[in-house]
Structure formats: structure tokens, C-alpha cells
Amino acid sequence: MKNQLFFCLSMVCFLGLCGVVDAEDTSDKTITNTKETTKKQQNNKKRRRPNDGVDLLVREKYSKEFDKIRKLRRTDPEAFEAKSKELREKIRSDVKAEREKFRKMVTEYRKTKDPEILKAISEYVSKAYERRINAEAKRVAALKERLEKAEKRLAEIKSKKDERINKRLKIILRDPKLNW
């Protein structure tokens, strides 16, 4: 009984996270204070749907379409706009259908308490969580790569410090028109 109650509560929380939350429309308001802008941006970030790895699923499913559209971007910008809009709508409808399917499974489970439906819900949640973990792992790997590149640039700058200072001094001391 406790396990079922815990599972139901976790499903309610999961469904709450899957729901669409609209951000405030601030198009007609002018914000002059940068601190206020920063707070609003942070609040909007909090309202966004958490990344459940759907973007990875979409990339896998529509990778060929993405490649075709990417090529169109260079060759035919108008066709690129049309095709990308078409693909966005297709992806949105697929994601919406998938989430609606999940909601129906949960509703059906609440009515029937069927263990098969519970198993399907559990698998769905497990896959979504795995996608989220994979997405986060890729994000961390990209951050590590950027950090390594930045550290290499910094080491290069440090190694050439004396050389660049001497070069700058020669330029400054050579030209009397420079007022340093």
C-alpha cells in the first residue's frame, strides 16, 4: 500500500513537471533596471519545462531531416525556413502525442490499478530519466571540452607574456607620436 501511494505521488509530481507552464508576457513592459531583468530571466528559467531528454530523442528520430535542413540553410534560406517550421510542428505534435499517451496511461492506471499499466508507466519514466541523464552527461562533456580549450588559451597567453610585453614596449618607445 505504501509503495503504491509513493508511486502515485511520484507520478503526480512527474506529471506536474511534464505540464506546460506559460511564461509571463513582458512584451509591452519596459524594464530599465538590470537587476530586475536578471531576476525576471531567472524566474523564466525556473518556469521552463525541465529537460527530460526529449531533445535527444528528437535528434535521434529526426536526424536525417535535421541534416537535410542544415544543408538547405546554406543553399536556399526560404526553403530552410519553410522546412524547419514544418519539422518543428511535426516534432511538437509528436512530443505532445507522446505526453498525452503517458497521461492516459496514468489515468487508466488510477482507474484500474492494472500491474501491466504500472509496468509500462515505470518503463516510460525510466527511459525519460535515462534520456535526462544522457543529456546531462553530454552537457558536462561539452563543458569540460570548453574548459580544456580555455585553459590551453590561458597557458599560451601566459607563455607569451614577456614576448608580447617586449613587443609592445618597442612599439611604444619607437614612435614619439604615441603619448604613453
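**Burial of F102**

Task: Decide whether F102 is buried or exposed.

Solution: Start with the cut-offs: buried is under 20% relative accessible area, exposed is over 50%, and partly exposed lies in between (1.4 Å probe, protein chains only). F102 has a relative accessible area of 1%, so F102 is buried. The model is predicted, so local features need pLDDT of at least 70 and side-chain atom pairs count only at pLDDT 80 or more, while totals for chains, interfaces and linings use all residues. Residues are numbered from 1 along each chain as its sequence is written, and side-chain values use heavy atoms, leaving out hydrogens and water.

**The aromatic pair**

Task: Find how many aromatic pairs the structure holds, and work out what kind of pair F102 and Y124 make.

Solution: First, the count: there is 1 aromatic pair. Next, the geometry: the ring centres of F102 and Y124 are 4.5 Å apart and the planes stand at 25°, so this pair is stacked. The rule behind this asks for centres within 6.5 Å; planes under 30 degrees apart are stacked, over 60 edge-to-face, the rest tilted (Phe, Tyr and the six-membered ring of Trp). Then look at the places: F102 is in helix α5 and Y124 in helix α6, so the pair links parts 22 residues apart in sequence. Last, check the partner: Y124 is buried too, because its relative accessible area is 15%.

**The fold**

Task: State how many helices and strands the protein has.

Solution: The total is 7 helices and 0 strands. Helices (H or I, at least four residues) and strands (E, at least two) are DSSP runs, numbered from the N terminus. Along the sequence, the pattern reads α-α-α-α-α-α-α. Now add burial: 16% of the 180 residues count as buried.

**Helices α5 and α6**

Task: Compare the span of α5 with the expected span, then do so for α6.

Solution: The expected span is 1.5 Å times one less than the number of residues. For α5, 36 residues should span 52 Å; the end C-alpha atoms are 52 Å apart, which agrees. For α6, 45 residues reach 65 Å from first C-alpha to last, close to the expected 66 Å.

Task: List some buried residues of α5, and name the buried residues of α6.

Solution: In α5 the buried residues include F80, L87, I91, R99, F102 and Y109. In α6 they are I117, I121, Y124, A128, R131 and A135. Note that R99 is on the α5 list and R131 on the α6 list.

**The loop residue K113**

Task: Locate K113 and describe its phi.

Solution: K113 sits in the loop between α5 and α6. K113 follows α5. Its phi is positive, about 60°, although K113 is not a glycine. Most residues other than glycine have a negative phi. As for exposure, K113 has a relative accessible area of 43%, so K113 is partly exposed.

**Salt bridges**

Task: Count the salt bridges, then find where R92 and E89 lie.

Solution: The structure holds 6 salt bridges. Each needs a side-chain nitrogen of Lys or Arg within 4 Å of a carboxyl oxygen of Asp or Glu. R92 and E89 form one of them, at 3.0 Å from N to O. Both are in helix α5 (residues 77–112), 3 residues apart, about one turn of the helix. E89 is partly exposed because its relative accessibility is 43%.

Task: Find where K149 and E145 lie, and give the distance between the closest N and O atoms of K160 and E156.

Solution: K149 and E145 are in helix α6 (residues 115–159), 4 residues apart, about one turn of the helix. Their side chains meet in a salt bridge at 3.6 Å, N to O. K149 is partly exposed at 48%, and E145 is partly exposed at 46%. K160 bridges to E156 with the closest N and O atoms 3.7 Å apart. K160 is partly exposed at 30%, and E156 is partly exposed at 42%.

**A surface patch**

Task: Say which residues make the nonpolar surface patch of about 300 Å².

Solution: The patch is made by I165, L169 and L173. Patch residues have over 30% relative accessible area and no salt bridge; like charges are joined within 9 Å, nonpolar side chains (Val, Leu, Ile, Met, Phe, Trp, Tyr) within 5 Å. L169 belongs to helix α7 (residues 161–174). With 41% relative accessibility, L169 counts as partly exposed.

Note on methods
Areas by Shrake-Rupley, 256 points an atom, 1.4 Å probe, with all protein chains shown as cover.
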